[in-house]
Amino acid sequence: MTTLPTPAAGKPVTTRQAVSEAPVAAPQQYLTFRLGDERFAISIQSIREIIEFPGLTSIPLTPGFLAGVINLRGAVVPVIDLSVRFGRAATEVGRRTCIVIVEVETEDGLQALGVIVDAVDEVVDVEAAQIETRPNFGSGIRADFVAGMLRLGNRFVVALDLDKVLSAEELEQMIGIAAGAQPG
């Protein structure tokens, strides 16, 4: 057994003690939700709130994935249709459709953004051992929006990196659209 010095206490500590006394990483929490029949997850650290689908104000001449904007307590918040962003059909609004309000990092700081999802499932605690790194899909396949793969039971759930789901340029364009829609 190896002995390690501990500067704070001045007493030697064995490697076995050092390992047993090492801080254990707390589980991370993720919100799981559905787009069609697929399940995705995002870290709850970036989630501000979840709201019922209130209806949207559409903005002409915007990218297809920008479903519109909503008024969230006096603030104009751009809302993206994640399904369209992923190259699928537009989300059909149903009884469980909702908007997850998230905060994404931009040049100007944190920006509120709404994400339409078909249904919210649950918040899950995920241990570090349950998180697999993003697989290498090879060249030509864009996967930078995948933060990792969560092993939940016998399935994998794609954990999204919302800061990368949209490029910085697209985010800036959406913020400009929302700023132009501010009541004035």
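Let's start with what "buried" and "exposed" mean here: a residue is buried under 20% relative accessible area, exposed over 50%, and partly exposed in between (1.4 Å probe, protein chains only). By that yardstick, E103 is partly exposed at 28% relative accessibility. This is a predicted model, so local features need pLDDT of at least 70 and side-chain atom pairs count only at pLDDT 80 or more, while totals for chains, interfaces and linings use all residues. Residues are numbered from 1 along each chain as its sequence is written, and side-chain values use heavy atoms, with hydrogens and water left out.

Now for the overall picture. The chain has four helices and 13 strands; these are DSSP runs numbered from the N terminus, with helices being H or I of at least four residues and strands being E of at least two. Of its 184 residues, 38% count as buried. The chain exposes about 10900 Å², and carbon and sulfur atoms supply 52% of that (areas come from the Shrake-Rupley method with a 1.4 Å probe, and for residues only the protein chains shown count as cover). If you take contacts (heavy atoms within 4.5 Å) between residues at least 6 apart in sequence, 53% of them join residues at least 24 apart.

On to the inside. In soluble globular proteins, nonpolar side chains tend to be buried together. A nonpolar core here is a set of buried Ala, Val, Leu, Ile, Met, Phe, Trp, Tyr and Cys residues joined through side-chain atoms within 4.5 Å. The largest one has 23 residues, and F33, I42, L82, V100, V102, V117 and L160 have the most contacts inside it. Elements giving two or more residues to this core are β3 (28–35), β4, β8, β9 (109–117), β12 (146–152) and α3 (162–165). Strand β8 gives the most, with four residues. To get a feel for the packing, look at I42: leaving out residues up to four places away in sequence, I42 touches Q29, Y30, L31, F33, I47, V100, V102, L160 and L162. There is also a second, separate core of nine residues, which includes V77, I99, A112 and I116.

F33 turns up again among the aromatics. A pair of aromatic rings is described by the distance of the centres and the angle of the planes. The cut-offs go like this: rings of Phe, Tyr and Trp (its six-membered ring) pair if their centres lie within 6.5 Å, and planes under 30 degrees apart count as stacked, over 60 as edge-to-face and the rest as tilted. The structure holds two such pairs. F33 and F40 are stacked, at 6.1 Å centre to centre with 25° between the planes. Both rings belong to buried residues, with F33 at 2% relative accessibility and F40 at 5%. F40 also pairs with F86, this time tilted, at 5.7 Å and 45°. That second pair links distant parts of the chain, since F40 sits in strand β4 and F86 in the loop between α2 and β8, 46 residues apart. F33, F40 and F86 make up one aromatic cluster.

What about the charged side chains? Side chains of opposite charge can pair when their charged atoms come close. Counting a salt bridge as a side-chain nitrogen of Lys or Arg within 4 Å of a carboxyl oxygen of Asp or Glu, the structure holds six. One of them joins E38 and R88 at 2.7 Å, N to O. E38 lies in strand β4 (residues 38–43) and R88 in the loop between α2 (82–85) and β8 (98–106), so this bridge ties together parts that are 50 residues apart in sequence. E103 pairs with R48, with closest N and O atoms 3.2 Å apart. Here E103 is in β8 and R48 in β5 (residues 47–52), so the parts tied together are 55 residues apart. E49 bridges to R73 at 2.4 Å, and R73 counts as exposed at 65% relative accessibility.

Finally, R39. It lies in strand β4 and is buried, with a relative accessible area of 17%. R34, R39, D121 and E122 are linked in a network of salt bridges. The side chain of R39 also makes polar contacts with T32 at 3.3 Å and with E122 at 3.1 Å. A polar contact is a pair of N or O atoms within 3.5 Å; within protein, one must be able to donate a hydrogen and the other to accept it, and residues adjacent in sequence count only if both atoms are side-chain atoms.
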